[in-house]
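Please open the structure in your viewer and keep the selection panel at hand. We will go from stop to stop, picking residues and looking at what surrounds them.

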Amino acid sequence: MGRVLGALGAVTVLLFGVGGSAGAEDGYRLWLRAEGGGADVTLPCDEPSETLTIARDELSAALPHGTVRFATSSCRGEGSPRLPRQRDVGEEGYRIAMDGEGYVITARSDVGALYGTYRLIRAVSTGEAMPEDGLTEQPAKRLRLLNHWDNLDRHVERGYSGESIWNWHLLPDYLDPRYTDYARANASIGINGVSLTNVNADATVLTPPFIEKVAALAGVFRPYGIKVYLTARFSAPIEIGGLETADPLDGEVAAWWKAKADEIYAAIPDFGGFLVKANSEGQPGPQDYGRTHADGANMLARAVEPHGGIVMWRAFVYSAEEPEDRVKQAYTEFVPLDGKFADNVLVQVKNGPLDFQPREPFSPLFGAMPKTPLLAELQITKEYLGFATHLSYLGPLWSEALTADTHARGKDSLVADRVDGLAGVANIGTDRNWSGSQFAQANWYAFGRLAWDPKAEPEAIARDWVRQTFTDDAEAVDRIVGMMMRSREAVVDYMTPLGLTHLMGTGHHYGPAPWVDDLGRADWTPYYYHRATKDAVGFDRTESGSDAVSQYHEPLASQWNEVETTPEELLLWFHRVPWDHEVKDGSTLWQSLVAHYDRGVAEVQAMRETWAGLEGKIDEDRYAQTADFLAIQEKEARWWRDASIAYWQSVNGLDLPEGARPPEHDLAWYKAQSFPYAPGN
Ligand code: GCV
């Protein structure tokens, strides 16, 4: 039997001010809203680290009463409780127990104690029952990283929450207090590293003035257990080093990177390392010199290795000249390199083989590089799922990928088992609410929680987030969580049902544009992905088509090779199917497609109704903004449905299924819409 963590949970609930009594809220405080100020928190040493001081202050501020004692390797006193065993908590874990006097948080490291602190605050804020014998936890993964796609001019690539929070112009002399709040929010969900700059990299960040700025940020993040990483532009030796080449096998180039790494580590001793996008979408890379990805990665790895640094080398590659099915290309390039990377290189793989779509199968690379440490890259910012305005909780999307079975040899064959960590493309910006909308914060939160434990239940995470962020009213929590849990599938339904993919507007990816078929590169057009004709639709990736199925282990390769055994949600990803093909419920593909669009729109309408029913239970400002955004989402869901149906009809010539509402406008109207200033482009 568990027991509720003292009476603190109930008290905190009152302080959250549910029932419509709360004052104005703007979302700035994220999920860290517990207010107490009455607990007695003691550290058993005279000179506690900054990290432990933060832990103490957090608990004093969050708990309304009670006593908390700490003990870590660096801070113990006479009579301090025993430290937990290394094998139970590792370097970053903790133990939370209760004795006659109150709570006891023990950890081997100070950052472990800080994580224990936020864990206790979460438990108290959500009224979670504490096991009788305490709570002993440690992260399942060692690398839990945010990747900012922030340019030095503060534009954020695929950012929908204002500008970059890094004010490079004022750094290092002005440290915006927001940097501390950012670090605190990240630490509270276990994130332990941030790459500050866009993977479409600018070498300027590696110049001395910028290293000084980065060092200032690292100083803010360090007490929160967060390391900084930088994106390394492969051609930096030419652009800022004055060399004539960036060939990774050139001695001068290697020496330049080594000296650069030494310079960075002199300023930032705990610098994490480099993140690299090379020979992808126009970025420079080792292939410019006839070298391989492994040659490039290993050269950088040697530069950071003496300092304990790592290189994260992205596998998001596909070539403009290559006629091979785009979703196969990363596998084709990287699998032959398995075992050829240095020990401190990790290959960073997007969850799906294409590009952060509302639904994709998992990337086959996760099951195909047993000799290479891998990172899973997820996109928190919603480039392809309606930007910040659409309510789309990504926990289920990520969990679907992380718990997918690669069927690779060995017992640990889930995607989650095969990675050393998770990297999330951040959705953070200067907007007061950080993420562009109240509900987009849930994705930042869920990313951190899944990076800590990739097998955690997305619904449980959503429940914690709602209770920490909005309300403790049980009925309201159920309704909001229900809405969140259905929201991703709603987006799939109104944008890209039944395995359709990449139908978004050119460049900005805002809204539908399935008709686009004539860009400079075929694989940037929606037509490349759906190939619709009068008779059929879908991309044939079976043995007789592009044979992408063969990149998966059995039994998936065989299952996905046949229409009958392919899950309907991936049907048109793997198969080209006649419009009159009969799907599982007996309707035709065309009827089913329209039904999915309608279901997606109906789900958004239902979300609006659910939210309207919560008026008075959520503070006014956050209630109102969410209500307005849901109205935008409904308008845009209809737009997606109508534009898509109008286009498919122009190709297949079919009548609408009986009872279906005709599109509001004709196809020409949808095609004429233009959004030159859509954000994030
Ligand atoms: C940073 C997609 C996005 C690009 C992004 C790229 C990547 O293509 O549209 O904006 O570039 O992915 O992940 O490198």
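## Stop 1: two cis prolines

Select Pro555 to begin: it lies in the loop between strand 16 (536-537) and helix 16 (556-561). Keep in mind throughout that this is a predicted model. Now add Glu554 and look at the bond between the two residues: the peptide bond that joins Glu554 and Pro555 is cis, with omega about 10°.

A second example is found at Leu171 and Pro172, where the peptide bond is also cis and omega is near 5°. Pro172 sits in the loop between strand 8 (143-147) and helix 5 (177-188).

As background for these stops, most peptide bonds are trans, and most residues other than glycine have a negative phi.

## Stop 2: positive phi in the loop after strand 8

Stay in the loop between strand 8 and helix 5 and pick Arg154, which is found there. Arg154 is not a glycine, yet its phi is positive, at about 80°. Is Arg154 buried or exposed? With a relative accessible area of 17%, Arg154 is buried, because the cut-off for buried is under 20%.

Next pick Arg158, which has its place in the loop between strand 8 and helix 5. Its phi is near 60°, again a positive value in a residue other than glycine. Arg158 is buried too, with a relative accessible area of 11%.

## Stop 3: the closed barrel

Colour strands 8 to 15 for the next view. The eight strands form a closed barrel that runs 8-9-10-11-12-13-14-15, and the pairing is parallel. On average, neighbouring strands of this sheet are turned by 25° against each other, direction ignored.

Show helix 9 (residues 293-304) as well. Helix 9 packs on the sheet and touches strand 11 (273-276), strand 12 (310-314) and strand 13 (345-350). The direction of helix 9 makes about 160° with that of strand 12.

Now zoom in on strand 13. How many of its six residues are buried? Six of the six are, so strand 13 is mostly covered. Turn on the side chains: Val345, Val347 and Val349 point one way, while Leu346, Gln348 and Lys350 point the other way. That fits a general pattern: in a regular strand the side chains alternate between the two faces of the sheet.

Look to each side of strand 13 in turn:

- Strand 12 runs parallel to strand 13, and four bridges join them. Here Arg314 stands opposite Gln348 in strand 13. The chain passes from strand 12 through helix 10 (residues 329-334) to strand 13, a β-α-β crossover that is right-handed.
- Strand 14 also runs parallel to strand 13, joined by four bridges. Lys350 has Glu377 as its bridge partner in strand 14.

One step further, strand 14 (residues 374-379) and strand 15 (residues 421-425) run parallel and are joined by five bridges. Follow Glu377 across, and its bridge partner in strand 15 is Ala423.

## Stop 4: the open sheet

Move on to strands 2, 3, 5, 4 and 7. These five strands form an open sheet in the order 2-3-5-4-7, with mixed pairing. Which strands stand at the edges? They are strand 2 and strand 7 (135-137); each has a single partner strand, so one side of each is left without a neighbour in the sheet. The twist from one strand to the next averages 15°.

Within this sheet, strand 4 (residues 94-99) and strand 5 (residues 102-106) pair in the antiparallel sense over five bridges. Select Arg95 and you will find it opposite Thr106 in strand 5. Then show helix 4 (residues 110-126), which packs on the sheet and touches strand 3, strand 4, strand 5 and strand 7. Its direction makes about 55° with that of strand 4.

## Stop 5: the disulfide

The structure holds one disulfide. Select Cys45 and Cys75: their sulfur atoms are 2.0 Å apart. The link is left-handed, with -95° about the S-S bond. Cys45 is in the loop between strand 2 (40-42) and helix 2 (50-62), and Cys75 is in the loop between strand 3 (67-71) and helix 3 (86-89). At 1% relative accessibility, Cys75 counts as buried.

## Stop 6: the nonpolar core

Finish with the largest nonpolar core, which has 211 residues. Phe221, Trp257, Trp444 and Trp648 touch the most other members. Helix 19 (residues 620-652) gives the most to this core, with eleven residues. For a last close-up, centre on Trp257: beyond its neighbours within four places in sequence, its contacts include Leu206, Phe234, Phe274, Met299 and Ala303.

How values were computed
Residues are numbered from 1 along each chain as its sequence is written. This is a predicted model: local features need pLDDT of at least 70, side-chain atom pairs count only at pLDDT 80 or more; totals for chains, interfaces and linings use all residues. Side-chain values use heavy atoms; hydrogens and water are left out. A nonpolar core is a set of buried Ala, Val, Leu, Ile, Met, Phe, Trp, Tyr and Cys residues joined through side-chain atoms within 4.5 Å. Buried means under 20% relative accessible area, exposed over 50%, partly exposed in between (1.4 Å probe, protein chains only). Contact means heavy atoms within 4.5 Å. Two strands pair if DSSP finds at least two bridges between them. Axes are lines fitted to C-alpha atoms, for helices over the stretch in contact, and angles run from 0 to 180 degrees between N-to-C directions. A crossover is right-handed if, with the strands pointing away from the viewer, the path from the first strand over the helix to the second runs clockwise. A disulfide is a pair of cysteine sulfur atoms within 2.5 Å.
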